[in-house]
Amino acid sequence: MTVTPGWYMALAAVLFVIGATGILVRRNALVMFMSIELMLNAVNLTFVAAGRQIGLIEGQLSVLFVMVVAAAEVTVGLAIIVAVFRRRSTASVDELAGMRG
Amino acid sequence: MTLADYLPIALMLILGVGFAAVMMLASWRLGPNRPTPEKLAPYECGIVPLQEPVERFPVKFYIVAMLFVIFDVELIFLFAWAVRFDQFGWAGIGAMAIFVALLIETLVYVWKRGALDWNVASRERYRRVVAPDAEVAPREAA
Amino acid sequence: MNVDYHALAPEIILGITVLAVLVVDLLRIPKYWTAVIGLVGLFAAFVPVLTLGFCESLDFCTEPETAQRVLFGGSFVVDTFSLVLKGLFLGATAVALLLSVGYIEEDRYWQGEFYFLMLCSALGAVVLASSRDLVTLFVALELVTGPTFLMAGWRKGDPRSNEAALKYFIIGVLSAAILLFGMSLVYGYTGELTFGGIRAATAALGDSALLTIGVILTLLGFAFKVSAVPFHFWTPDTYQGAPIPVTAYLSVVSKTAGFVGLLTLSYQAFAELRDVWGPLLWILAALSMTVGNLIAVRQDDIVRLLGYSSIAQGGFILVPFGAAVAGNVTGDQLEQAFFATVTYLLIYAVMNMGAFAVVIAGANRLKSTLIADWGGLSSYAPGLAGLLALFFASLAGIPPIAGWFAKLVMFSSVLGVDSGWATALAVIAVLNSVVAFYYYAKVIKSAWFDQVPDTIPAAELRGMGRAVAPSLQFALVLTAVGVLVLGIFPNLIADVGDVAKTVAAGF
């Protein structure tokens with residue numbers, strides 16, 4: 001049995017769906033955040049697999065940019081979550097529902 | 001790539017897991033184990049804790065961790081450039097010099113703002129610059 | 001490697017400004033210099049936009065004015081379309097900066113980084129206007145949104161600001177992930193990253209399920225950014241919780257950036273896939289208009305009302321995209337639709353900035369954003385009440401204030417298409433304009449014809465302490481002149497019609 005790039009893309013799709021489910025089901029900001037990271041890594045896998053299949057380097061190049069942007073967002077996100085946590089001692093999104101309407 | 005090519009990886013995994021399992025098993029079976037109530041208490045002397053302590057790390061740990069993540073990942077671009085730097089010539093070196101200069105500027109900024117200082121709360125500069133209002137009640141929402 | 005530095009000048013100047021603001025923030029000089037330098041940098045970056053736009057008539061270069069400057073292998077294109085939008089982004093950021101000067105400094109959370117973040121975000125928007133490949137587009141878009149997460153949560157101790165930032169962040173990153181997954185599928189199918197390459201590849205390879213999913217996910221990612229219904233639920237909370245100048249920035253610059261991405265992707269990269277994005281954006285337009293307007297009617301907080309109003313306005317901006325739903329649409333009609341969207345974006349930026357400027361000026365005085373508390377504003381602040389009426393009438397689309405022209409081109413772009421679906425969208429847009437008129441008029445009525453509420457001592461207000469800050473006055477005058485001039489001389493905007501030709505060319 002050979003493992004073709006198609007398999008990796010299927011795996012990436014599965015990872016993406018797991019991440020998306022995590023966002024919908026979990027209510028802890030940190031866990032939601034981890035789910036998003038899972039989705040971003042699914043994207044990376046797709047880019048690499050696609051680049052490999054076509055035989056172009058751009059797929060791998062895109063991954064570098066995605067990783068750096070994701071890292072920048074991790075930093076911003078953690079800063080926000082820490083700020084929220086210091087104030088509320090909770091990271092649950094449901095408990096942060098002061099505004100409605 | 002066929003499945004057979006994954007054999008070394010599989011062997012490596014089995015070896016790694018097996019080694020750890022053997023070590024743990026050996027220490028469990030061979031080591032002397034004569035427990036007494038005193039030995040099982042969390043502290044040999046003092047009061048038995050009633051609840052788990054709330055784990056609150058000082059924020060400075062987060063700041064350093066965040067800064068590490070960001071500077072660490074930014075270096076990816078150096079790798080992409082380094083594998084072909086001879087082909088990019090001076091233009092490539094110039095571009096990378098600008099990139100690194102930007103990173104250095106951020107580092108200097110972070111440093112000057114005191115974010116890298118471990119013992120930050122004791123410094124007057126912290127109170128004045130980084131958190132002039134650290135313990136003040138929040139203003140009423142407009 | 002030859003780089004056309006003239007074409008890159010706006011970005012370079014803005015980048016240097018960003019660094020300068022960071023350095024100045026460290027020096028022991030008064031903090032307002034960060035704002036001054038930021039403002040100077042924005043105006044300086046505007047100069048090359050003008051020299052590029054009027055290149056030939058100013059004898060700067062020999063190329064014709066409509067020439068595209070293609071850089072970095074087609075990833076970065078400077079043409080009339082991108083220049084117009086760069087101008088919009090720079091101008092809107094300058095106004096947002098003016099709005100922040102008084103507001104953010106009064107707050108206890110004032111830090112020099114605020115202007116750094118805002119300028120970084122503006123830099124992203126300016127790059128975005130020229131991005132013509134998936135990776136550049138993505139990086140530019142994230143540069144626009146990344147700093148705004150922090151700006152939305154600027155008031156660290158205020159739970160509502162925290163909530164605004166956290167919701168905005170989670171949704172923003174989620175949308176980025178969806179957008180990227182779509183992009184990776186498009187790349188996987190076409191093997192191209194540049195828009196031109198994608199277009200050629202889709203024309204050659206034809207349709208496939210994978211490509212369709214990729215296109216839909218990419219556009220849905222943008223639907224989050226432009227807060228189109230049903231991806232809007234973060235918008236009202238974020239707009240209400242964030243500091244009001246940040247809300248103004250989000251509702252204009254950040255939103256327009258999303259629309260620019262939608263425009264370039266749909267009309268360039270996915271030009272051959274009109275039967276995929278046409279219906280999708282048709283649905284989003286109809287839903288955004290209807291839901292945004294219907295919920296806006298019930299709002300009693302003026303910032304939240306503007307939040308829902310901006311969702312509805314986003315729906316109006318999406319309407320011209322819906323013209324592509326017709327199978328028999330011609331190149332001319334698509335150019336017209338493209339032109340309509342750009343026009344609406346320009347006018348929306350001016351009038352929405354103005355509306356927020358008025359709200360900030362009023363909120364500074366009244367310490368309240370409830371519409372009921374604004375009753376009788378004209379009796380003690382006639383100037384402010386007049387401006388309020390001006391901007392809200394523009395948002396409602398009453399001639400001769402700018403908004404009507406935006407609505408006009410929007411309607412004509414869909415009515416010109418000979419298709420039942422396009423006409424249906426126009427009908428929905430008309431009905432929504434009526435609903436929108438009702439709640440905009442409600443605010444104007446409250447300010448002009450209602451009594452001053454008892455909870456606010458009228459005598460105290462009349463003697464009224466703080467005058468409007470000079471920077472805020474400047475912003476108010478700028479936007480007020482903007483809506484009047486654009487409304488009375490719409491030809492100024494119509495001349496921008498060249499814009500459409502350069503980008504939508506080739507249909």
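**Entry 1. Where chain C meets chain A**

I looked up the contact between chains C and A in this predicted model. On the chain C side I found 32 residues, and they are in contact with 33 residues of chain A. Next I asked which helices of chain C supply at least two residues each to that side. They are α5 (134–152), α6 (159–190) and α9 (234–241). Helix α6(C) gives the largest share, 17 residues. I then sorted the chain C side by class: 17 residues are nonpolar, 9 are polar and 6 are charged.

**Entry 2. Chain A by itself**

I went through chain A from the N terminus and noted the order α-α-α. That makes 3 helices and 0 strands. Chain A has 101 residues, of which 38% count as buried. I also looked at contacts with a separation of 6 or more; in chain A, 45% of them join residues 24 or more positions apart.

**Entry 3. Chain C by itself**

I put the same headings to chain C. Its secondary structure comes to 21 helices and 2 strands. Of its 507 residues, 63% are buried. Among contacts with a separation of 6 or more in chain C, residues 24 or more positions apart account for 80%.

**Entry 4. Two helices inside chain C**

I picked helix α8 (residues 209–225) and helix α10 of chain C. How do they pack, and at what angle? The angle is about 155 degrees, and the axes are 8 Å apart. The two helices are therefore roughly antiparallel to each other. The crossing of α8(C) with α10(C) is left-handed.

I listed the residues that meet. From α8(C) they are Thr218(C), Leu219(C), Phe222(C) and Lys225(C); from α10(C) they are Gly258(C), Gly261(C), Leu262(C) and Leu265(C). By class this contact has 4 nonpolar, 3 polar and 1 charged residues.

**Entry 5. One residue of α10(C)**

I stayed with α10(C), which covers residues 244–269, and chose Val260(C) within it. Is Val260(C) buried or exposed? I counted 30 other C-beta atoms within 10 Å, so Val260(C) is buried. Leaving out residues up to four places away in sequence, Val260(C) touches Leu85(C), Leu128(C) and Ala129(C). I also checked Leu141(C): 119 residues separate it from Val260(C) in sequence, while the C-alpha to C-alpha distance is 9.9 Å.

**Entry 6. A helix of chain B against a helix of chain C**

I moved to helix α5 (residues 85–112) of chain B and helix α1 (residues 5–26) of chain C. Their axes are 10 Å apart and the packing angle is about 25 degrees. The helices α5(B) and α1(C) are therefore roughly parallel to each other. Their crossing is left-handed.

Glu105(B), Tyr109(B) and Lys112(B) are the residues of α5(B) that meet α1(C), where the partners are Leu19(C), Leu22(C) and Leu26(C). I sorted the residues of this contact as 4 nonpolar, no polar and 2 charged.

**Entry 7. Confidence in chain B**

I checked the pLDDT of chain B last. The mean is 73, and 64% of the residues of chain B reach 70 or more. Which element of chain B has the lowest mean pLDDT, and which the highest? Helix α6 (residues 124–130) of chain B is lowest with 52, and α5(B), the helix from the previous entry, is highest with 87.

Over residues 134–142 of chain B, pLDDT stays under 50. The model has 9 contacts beyond four places in sequence for this stretch. Where pLDDT is low, the predicted coordinates should not be read in detail.

Key: Residues numbered from 1 in each chain as written. Chains lettered and ligands numbered in written order. Predicted model: local features only at pLDDT ≥ 70, side-chain atom pairs only at ≥ 80, totals over all residues. Contact = placed C-beta atoms within 7 Å. Helix = DSSP H or I, 4+ residues; strand = E, 2+ residues; numbered from the N terminus. Nonpolar A, V, L, I, M, F, W, Y, C, P; charged D, E, K, R; others polar. Buried ≥ 20, exposed ≤ 12 C-beta atoms within 10 Å, placed from the backbone. Axes fitted to C-alpha atoms, helices over the stretch in contact; angles between N-to-C directions. Parallel < 35°, antiparallel > 145°, perpendicular 65-115°, else oblique. Left-handed = near helix turned anticlockwise from the far one by under 90°. pLDDT = per-residue confidence, 0-100.
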